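Let's take a walk through this fold, strand by strand, and finish at the ligand. Keep the viewer open as you read.

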Amino acid sequence: MSKVVIISGHPNLNESMANSKIIQILGALNNTHVRCLDDLYPDYKIDIPAEQAALIDADLIIFQFPLYWSTYPAIMKKWFDDVFTYNFAFGPEGDKLKNKKVILSITAGATAESYSEGDFNFMPLDDYLESALHPLKAAQVDLVDSIVTFNMNSDTNEGGNVDTVNRLVVEHADRVKAAISHTINR
Ligand SMILES: Cc1cc2nc3c(=O)[nH]c(=O)nc-3n(C[C@H](O)[C@H](O)[C@H](O)COP(=O)(O)O)c2cc1C
């Protein structure tokens, strides 16, 4: 049976509404292994061999993260910096992740409309994500899906709504589950 690894880039899941619940739902699926970077590496000292081994072992890698300034949080950036090394993810022998199936699963606090020219977030989210995708492109992974849910704002001081987030979490997890079964059954 195909193995799925979920790399969680939330910096503090104890204070998360959306990512913590999505991870709970997805982590309960068969043959799914969750690696929560905040829990594993509170000091940001990444165990590179362990991370590389987990990626090699997986048939499908899911990157689960909240959008922070239109990219992944710092701990996930550090993880990419450390784990995507020469001759692992790029370079003459850097084909260890080549054709590995990858899904991005992203929560965003802003509205979808705000990601447009002249609006609060200035340009489409896909444009921002180009640099976030750079290490994955270099590693020649097979990016099968990017699942983004906007309005994941549970902070009532910032106009958010907990009930809305709870509903969106279930819808988001359903979309990721569908993408997982589509990917591992194709
Ligand atoms: C430092 C920081 C930066 C953020 N930047 C963005 C952003 O650029 N775009 C956006 O849509 N949401 C942004 N948000 C909102 C988060 O994406 C949102 O709170 C998160 O997805 C909710 O997930 P959680 O409940 O698991 O924390 C930001 C939040 C923080 C704390």
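Start with the strands: β1 and β3 run parallel and pair over 5 bridges. One concrete spot to click on is Val5, whose bridge partner in β3 is Ile61. On to β4, which also runs parallel to β3 and is joined to it by 7 bridges. There, Pro66 has Thr107 as its bridge partner in β4. Bear in mind that this is a predicted model.

So how much of β3 is buried? The strand is mostly covered, with 7 of its 7 residues buried. In a regular strand, side chains alternate between the two faces of the sheet. In β3, Leu60, Ile62, Gln64 and Pro66 point one way, while Ile61, Phe63 and Phe65 point the other way, and all of them are buried.

That brings us to the core. In soluble globular proteins, nonpolar side chains tend to be buried together. Here the largest nonpolar core has 40 residues, and Ile61 and Ile62 touch the most other members. Two or more residues each come from β1 (4-8), α1 (18-27), β3 (60-66), α4 (74-83), β4 (101-107) and α7 (162-185). The top contributor is α7, which gives 7 residues. If you zoom in on Ile61 and ignore its neighbours within four places in sequence, Ile61 is in contact with Val5, Ile7, Leu55, Lys100 and Val102.

Now for a couple of backbone oddities. Tyr44 isn't a glycine, yet its phi is positive, at about 65°. You'll find Tyr44 in the loop between α2 (37-40) and α3 (48-57). Tyr44 counts as partly exposed because it has 13 C-beta neighbours inside 10 Å, and the buried label takes 20 or more. Asn151 is another non-glycine residue with a positive phi, near 60°, and it sits in the loop between β5 (142-149) and α7. Asn151 has 18 C-beta neighbours inside 10 Å, so it too counts as partly exposed.

Next, the ligand. Which residues are closest to it? Of the 17 that surround the ligand, the closest are Ser16, Asn19, Pro66, Gly109 and Ala110. Pro66 is the β3 residue we met above, bridged to Thr107. By class, the shell has 9 nonpolar residues, 8 polar ones and no charged ones.

Finally, the record. An unreviewed UniProt entry annotates residues 2-156 as "domain: Flavodoxin-like fold". Over that stretch, the chain is 30% helix and 21% strand, and the end C-alpha atoms lie 40 Å apart.

Methods. Residues are numbered from 1 along each chain as its sequence is written. This is a predicted model: local features need pLDDT of at least 70, side-chain atom pairs count only at pLDDT 80 or more; totals for chains, interfaces and linings use all residues. A residue is near a molecule or strand if its C-beta atom, placed from the backbone, lies within 6 Å of it. Ala, Val, Leu, Ile, Met, Phe, Trp, Tyr, Cys and Pro count as nonpolar, Asp, Glu, Lys and Arg as charged, and the others, Gly among them, as polar. A nonpolar core is a set of buried Ala, Val, Leu, Ile, Met, Phe, Trp, Tyr and Cys residues joined through C-beta atoms within 7 Å. A residue is buried if 20 or more other C-beta atoms lie within 10 Å of its own, exposed if 12 or fewer, and partly exposed in between; C-beta atoms are placed from the backbone. Helices (H or I, at least four residues) and strands (E, at least two) are DSSP runs, numbered from the N terminus. Two residues are in contact if their C-beta atoms, placed from the backbone, lie within 7 Å. UniProt positions are given in the numbering used here, feature names are shortened, and annotations may be inferred rather than shown by experiment. Two strands pair if DSSP finds at least two bridges between them.
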